[in-house]
Amino acid sequence: MPAQKSVVSELGKTCTKCGNYRIFDGFDKEANGIGGRCSRCRDCRDESRTWERLLRVYGLSKDQFEEMFLKQGHRCKLCGASDITPCVDHDYETGAVRGILCIGCNVALGAYEAMKALGSKLDKYLSGSDV
C-alpha cells in the first residue's frame, strides 16, 4: 500500500499506513511529527515491530511466518487448537524454528524443557525421596 498523506484536525489525524482517522492519543509522540505525533498509528507501528522482531530473532519474514501457519491449518502445532494467539517455537540450542504454538503449549513446552534438565532429581522428589 503506498504511503498516504496525513489529514490533520484539531483532535487527531489519519494514519499514513492504514488510512484510519484517530485522535492524537492513538499515535506515539514525536517532536518532528505533524501535530507532535508519529505518522503511523500505534496499531500499525506495533504490527511493524512484531514483524521486525520475528525477522531479527527467528529469521522469519512475514511471508514465511504466514506460510508456516497456513501449512499448520492456522492451528497450534502441538495441541491443534484453533483461534490462537500464535507463538513461534524454536530450539534454544540451534535456534531452528520448530513450529507455531498457542501460548499455553509454548509456556508448557518451555517448562517441560526446563524440567528435563532436573532429570532424576524430579523423579526422586516426586517419589518422596530426599533430593
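1. Start on the outside of this predicted model, with the nonpolar surface patch. L11, Y21 and I23 make it up, and it covers about 340 Å². Of these, L11 sits in the segment before β1, the strand that runs 12-14. L11 is exposed, at a relative accessible area of 63%. If you're getting your bearings on the surface, this trio is a handy place to begin.

2. Now go inside. Which residues form the largest nonpolar core? There are twelve: L54, Y58, L60, F65, F69, C76, I84, V88, I100, L101, C102 and C105. Three elements, α1 (42-58), α2 (62-71) and β4 (97-101), each put in at least two residues of this core. As general background, nonpolar side chains tend to be buried together in soluble globular proteins.

3. F69 is one of those core residues, and its neighbours are worth a look. Setting aside anything within four places in sequence, F69 is in contact with H74, R75, I84, P86 and I100. I84 and I100 also appear on the core list. So pick F69 in the viewer and colour its contacts, H74 included.

4. H74 brings us to some backbone angles. H74 is not a glycine, yet its phi is positive, at about 55°. D83 does likewise: a positive phi of about 55°, and again not a glycine. Where do they sit? H74 is in the loop between α2 and β3 (87-90), and D83 is in the loop between α2 and β3 too. Their accessibility is worth checking as well: H74 is partly exposed, with a relative accessible area of 40%, while D83 counts as exposed at 79%.

5. On to the cysteines. How many disulfides does the structure hold? Zero. For background, a disulfide is a covalent bond between the sulfur atoms of two cysteines. Why is there none at C79? The closest cysteine sulfur to that of C79 belongs to C105 and is 3.7 Å away, which is too far for a bond, since the cut-off is 2.5 Å. C102 tells a similar story: its closest cysteine sulfur is also in C105, at 3.6 Å, again too far for a bond.

6. A bit more on those cysteines. C79 is partly exposed, with a relative accessible area of 46%. C102, on the other hand, is buried, at 12%. C102 and C105 both belong to the largest nonpolar core, so if you've been through point 2 you have already met them, as members of that set of buried residues.

7. Next, charges. Side chains of opposite charge can pair when their charged atoms come close. The count here comes to eight salt bridges. One of them joins the side chains of D28 and R42, with 2.6 Å from N to O. This pair links distant parts of the chain: D28 is in the loop between β2 (21-23) and α1, R42 is in helix α1, and 14 residues separate them. D28 is buried, with a relative accessible area of 18%, whereas R42 is partly exposed at 34%.

8. D28 has another partner. The side chains of R49 and D28 also meet in a salt bridge, at 3.8 Å from N to O. R49 lies in helix α1 and D28 in the loop between β2 and α1, so this pair ties together parts that are 21 residues apart in sequence. R49 is partly exposed, with a relative accessible area of 41%. Put D28, R42, R45 and R49 on screen together and you have a network of linked salt bridges.

9. Another salt bridge pairs E113 with R98, at 3.1 Å from N to O. E113 belongs to helix α3 (residues 103-116) and R98 to strand β4, so the pair ties together parts that are 15 residues apart in sequence. Both ends are partly exposed: E113 has a relative accessible area of 26%, and R98 has 32%. Strand β4 came up before, as one of the elements supplying core residues.

10. Last, a look at S48. S48 lies in helix α1, the helix that also holds R42. Buried or exposed? S48 is buried, with a relative accessible area of 13%. Not counting residues up to four places away in sequence, S48 touches K17 and R40.

Note on methods
Residues are numbered from 1 along each chain as its sequence is written. This is a predicted model: local features need pLDDT of at least 70, side-chain atom pairs count only at pLDDT 80 or more; totals for chains, interfaces and linings use all residues. Side-chain values use heavy atoms; hydrogens and water are left out. Buried means under 20% relative accessible area, exposed over 50%, partly exposed in between (1.4 Å probe, protein chains only). A nonpolar core is a set of buried Ala, Val, Leu, Ile, Met, Phe, Trp, Tyr and Cys residues joined through side-chain atoms within 4.5 Å. Helices (H or I, at least four residues) and strands (E, at least two) are DSSP runs, numbered from the N terminus. Contact means heavy atoms within 4.5 Å. Patches are made of residues with over 30% relative accessible area and no salt bridge: like charges are joined within 9 Å, nonpolar side chains (Val, Leu, Ile, Met, Phe, Trp, Tyr) within 5 Å. Accessible areas come from the Shrake-Rupley method with a 1.4 Å probe; for residues, only the protein chains shown count as cover. A salt bridge is a side-chain nitrogen of Lys or Arg within 4 Å of a carboxyl oxygen of Asp or Glu.
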